[in-house]
Each structure stands twice: as structure tokens, then as C-alpha cells.
Amino acid sequence: MTMVIGLTGGIGSGKTTVANLFAAYHIDIIDADVIAREVVEPGTPGLQAIADKLGSDILLTDGSLNRSKLREAIFNDHSLKQWLNDLLHPMIREKMKADIEKTTSAYCLLVIPLMVENNLQTMTDRLLVVDVDESVQVQRTQQRDNVAAEQVRKILASQATREQRLAAADDVISNNGDAESLKQKVAELHAYYLTLSQSPAA
Ligand code: ATP
């Protein structure tokens with residue numbers, strides 16, 4: 001069984017950037033955000049269940065999910081949000097497991113933004129947390145998404161705290177520095193993970 005390294009971190013911490021650096025070493029990346037979209041693609045049981053529950057108005061004219069309408073629908077309806085999570089979370093977990101089984105690299109990376117919040121580190125062999133100072137996180141997200149600091153802070157407040165994430169971590173990348181030091185840190189971790197994946201206990 002392939003060793004699974006979980007990768008998580010708060011908004012704008014650098015998860016995608018880190019995942020891309022591992023991908024450059026030909027490590028297979030399984031991304032929960034991508035899978036969350038796959039399980040509601042046209043023709044899936046996931047999308048069918050949503051259309052059955054909310055009516056075909058929840059679909060766009062091309063038959064795909066109207067995401068902004070769904071976001072609106074669950075915004076003030078806690079029980080609908082719960083229903084949707086209960087529907088999709090098991091589907092997402094199953095797809096992640098299936099994709100893990102298909103990996104061919106020495107180890108794989110399972111990227112889940114809300115890993116700690118949903119206790120999904122249980123699906124991994126080790127958890128790698130990308131950690132940054134809150135000010136850096138806000139500034140980089142603002143710059144990337146062109147949004148107000150207040151909006152970023154609101155999302156930050158809805159996520160696990162740095163302390164909660166760090167408490168669950170086996171390995172930590174501090175991403176307050178520049179791109180070059182991040183690259184160096186990933187190179188070291190990759191070498192370490194290769195050693196671990198080749199050891200008999202892995
Ligand atoms: P989200 O959870 O919002 O999807 P993320 O954790 O995947 O975010 P990234 O998109 O990788 O974070 O990084 C956030 C922004 O910060 C990006 O614009 C990225 O290019 C930039 N960034 C990441 N690491 C560094 C770094 N070490 N130095 C400078 N900029 C960085």
C-alpha cells in the first residue's frame with residue numbers, strides 16, 4: 001500500500017504551491033477540492049441526488065451544477081447544509097480512497113484544506129501542515145484573490161486554528177519565507193518521505 005502523506009493548512013498558507021513542488025518530483029497528488037467537484041459532475045449519483053432534493057432549477061442549462069445557487073441555498077439553511085455534507089462527504093472519501101489505490105508513485109500526497117476540521121488525517125500515514133503567520137496568510141490571500149482583508153479574516157476564523165493543526169501534524173513546513181526556501185524545505189521532505197516509503201515498516 002502506498003504511503004499517504006496528508007497535506008493541509010489554512011487559507012492561503014501555500015498548500016497548492018507546496019503540492020506543485022512535490023508534483024515536480026513526480027509524486028501523485030490527490031486533491032480533495034478536485035474530487036469534491038468530480039462527485040457532482042453531470043451523470044453522477046451526487047448531482048442526481050441534489051437535483052432530486054432541490055429541483056432542476058439547481059442546474060445550469062448545460063446540466064452542470066449551479067454552484068452559486070447551491071451556495072445561496074445552504075447559506076441560511078443549516079439542515080440543508082448538513083444534508084449536503086452527509087451526501088457528499090462519504091462520496092468524496094470513497095473517491096479519495098479509490099484514487100489512493102490507483103497511485104503509482106513512491107508515496108502520494110492527499111491534499112485536504114479542511115483535514116483537521118473533518119478529522120480526515122485518519123486517512124493518512126503522516127500529516128504535513130503548511131504553517132504561516134496570520135498576517136502573511138491574509139496578505140498573500142488578499143493579493144491572490146483581490147479581496148478585502150476582512151473577508152480573509154472571516155474565512156480564517158471559520159477554520160481550525162494554527163494550534164489545532166500543529167497539534168495534529170507529524171511534519172511542518174513554515175512558509176513565512178520566500179519561494180526558494182520553500183523549495184528547499186520540500187526537497188528535504190521529499191528525500192525523507194522516500195526513505196520512509198522504502199523502509200520495511202512503511
Ligand atoms: P487556498 O487554501 O486558499 O486554496 P493555498 O493554501 O493553496 O490556498 P496557495 O494558493 O498555494 O495557498 O498560496 C497562496 C498565495 O501565496 C499564492 O498566490 C502563492 O503564489 C503565494 N505564495 C505561496 N507561498 C509563497 C512564498 N513562500 N512566497 C511568496 N508567495 C507565496
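**Exercise 1.** In this predicted model, determine which residue of strand β3 stands opposite Leu 7, and establish in which sense β1 and β3 pair.

*Solution.* Begin with the residue itself: Leu 7 stands opposite Val 111 in β3. Then widen the view to the two strands, where β1 (residues 3-9) and β3 (residues 107-111) pair in the parallel sense over five bridges. Next, turn to strand β4 (residues 126-131), which runs parallel to β1 and is joined to β1 by five bridges; here Gly 6 stands opposite Leu 127.

**Exercise 2.** Decide whether the residues of β1 are buried or exposed, and sort them by the direction in which they point.

*Solution.* In a regular strand the side chains alternate between the two faces of the sheet. Applied to β1, the sorting places Met 3, Ile 5, Leu 7 and Gly 9 on one side, while Val 4, Gly 6 and Thr 8 point the other way. Both groups are buried, and the strand is accordingly described as mostly covered, with seven of its seven residues buried.

**Exercise 3.** Classify the orientation of helices α4 and α5, and describe the residues through which they meet.

*Solution.* Two packed helices are described by the angle between their axes and the distance between the axes. The axes of α4 (residues 67-75) and α5 (residues 78-102) come within 7 Å and cross at roughly 125 degrees. Since angles of 65 to 115 degrees count as roughly perpendicular and those over 145 as roughly antiparallel, α4 and α5 are therefore oblique to each other. In the contact, Leu 70, Ala 73 and Ile 74 of α4 meet Leu 80, Lys 81 and Leu 84 of α5; these residues divide into five nonpolar, no polar and one charged.

Methods:
Residues are numbered from 1 along each chain as its sequence is written. This is a predicted model: local features need pLDDT of at least 70, side-chain atom pairs count only at pLDDT 80 or more; totals for chains, interfaces and linings use all residues. Side-chain values use heavy atoms; hydrogens and water are left out. Axes are lines fitted to C-alpha atoms, for helices over the stretch in contact, and angles run from 0 to 180 degrees between N-to-C directions. Helices (H or I, at least four residues) and strands (E, at least two) are DSSP runs, numbered from the N terminus. Angles under 35 degrees count as roughly parallel, over 145 as roughly antiparallel, 65 to 115 as roughly perpendicular and the rest as oblique. Contact means heavy atoms within 4.5 Å. Ala, Val, Leu, Ile, Met, Phe, Trp, Tyr, Cys and Pro count as nonpolar, Asp, Glu, Lys and Arg as charged, and the others, Gly among them, as polar. Buried means under 20% relative accessible area, exposed over 50%, partly exposed in between (1.4 Å probe, protein chains only). Two strands pair if DSSP finds at least two bridges between them.
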